[in-house]
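Got a minute to go through this one with me? I'd like to talk about rings, charges and a helix.

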Amino acid sequence: MEINSEIILNNIEKAKTGDQVAFTFLLDFFWNEVYGFMLKRTENETDTDDITIETFAKAFDKINTYNPEFGFNTWLITIAKNVHIDMLRKKKTSLFIDITDEDNNNAFNVVDDTPTIEDDIITEQNLSQLLNYIKTLKPAYQEVIQLRYFQEMTYQDMAEQLDEPLNNIKIKLLRAKKLLAETISKKEKKKT
C-alpha cells in the first residue's frame with residue numbers, strides 16, 4: 001500500500017494536537033525503517049529495541065519542533081542517531097559489560113526492580129490520589145497503566161489483550177507514565 005506524503009503530513013499535524021490515532025499511524029508507518037537502520041548500526045536487537053522506543057518517545061514529546069521542510073523519516077533517524085550516541089557515551093562512562101543477545105534472552109525473565117523517576121513519583125502518592133490522577137489521562141493511557149500496575153501484566157500480555165503490537169504498548173506505557181508523573185508534579189507544586 002502506497003502512502004503519499006500528504007497523508008503523512010496530515011498525521012503529523014494531528015499528532016501535534018495530541019491525536020493518538022495519528023501517533024499510532026506514525027509509529028506503525030516509520031517503526032521498521034528506524035528499527036532497520038539502527039539494527040545495521042548496532043548489530044544488537046536489544047539495543048536497537050531500546051533505541052527505537054526512545055526515539056519515538058522523544059519524537060512524540062518534541063513533535064511540535066518538527067520542520068516539514070525535512071522528511072519525517074530523516075528527522076526520526078537523526079533522533080535515533082543521537083539516542084544511540086548517548087547510549088554509547090553511557091556505556092563508556094559506566095562499567096558496562098557488553099552482553100550478547102543470547103545472554104540477554106537468558107536474562108529476559110529477570111524482573112528489573114529498579115524504579116524509574118516516574119515510578120518513584122507515582123508510588124509516592126496514596127492510592128485514592130493516584131486513581132484521581134490516572135483518571136485525568138486519556139482512556140488509552142488509563143488502560144495501559146491499569147493493566148501494567150494494577151493487574152501486573154507483562155508487556156506481551158498487554159499486547160495480546162489490547163490486540164496491539166508490542167512496540168505500541170511499550171511506547172504508550174512510556175508516554176502514560178511521563179504524563180502521569182507530570183500531572184502529579186504539577187498538582188504537588190500547586191499544593192506548596
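Q: Which residue lies over the face of F23?
A: This is a predicted model, so everything here is read from its coordinates. Over the F23 ring, at 4.7 Å from the ring centre, you'll find R175.

Q: And how far is the charged end of R148 from the centre of the Y155 ring?
A: Here the charged end of R148 sits over the Y155 ring. Its distance from the ring centre is 4.3 Å.

Q: Are the rings of F29 and F30 stacked or edge-to-face?
A: Their centres are 4.9 Å apart and the planes meet at 80°. Angles over 60 degrees fall in the second class, so the F29 and F30 pair is edge-to-face.

Q: Is F30 buried or exposed?
A: Its neighbour in that pair, F29, has a relative accessible area of 33% and is partly exposed. F30 has just 4%, and the cut-off is under 20%, so F30 is buried.

Q: What angle separates the ring planes of F72 and W75?
A: Both residues belong to helix α4, three residues apart, about one turn. Their ring centres are 5.5 Å apart, and the pair is tilted, with the planes at 40°.

Q: Within what arc do the buried residues of α8 fall?
A: The buried residues of α8 are Y141, V144, I145 and L147. They line one face of the helix, because, seen down its axis, they fall within an arc of 165°.

Q: How far apart are the end C-alpha atoms of α8?
A: Helix α8 has twelve residues, 139–150, and at 1.5 Å a residue it should span 16 Å. The model agrees with that, since the end C-alpha atoms are separated by 15 Å.

Note on methods
Residues numbered from 1 in each chain as written. Predicted model: local features only at pLDDT ≥ 70, side-chain atom pairs only at ≥ 80, totals over all residues. Heavy atoms only, no water. Helix = DSSP H or I, 4+ residues; strand = E, 2+ residues; numbered from the N terminus. Expected span 1.5 Å × (residues − 1). Buried < 20%, exposed > 50% of the residue type's maximum accessible area, 1.4 Å probe, protein only. Arc of directions from axis to C-beta. Phe/Tyr/Trp six-rings, centres within 6.5 Å; stacked < 30°, edge-to-face > 60°. Lys NZ or Arg CZ within 6 Å of the ring centre and 35° of its normal.
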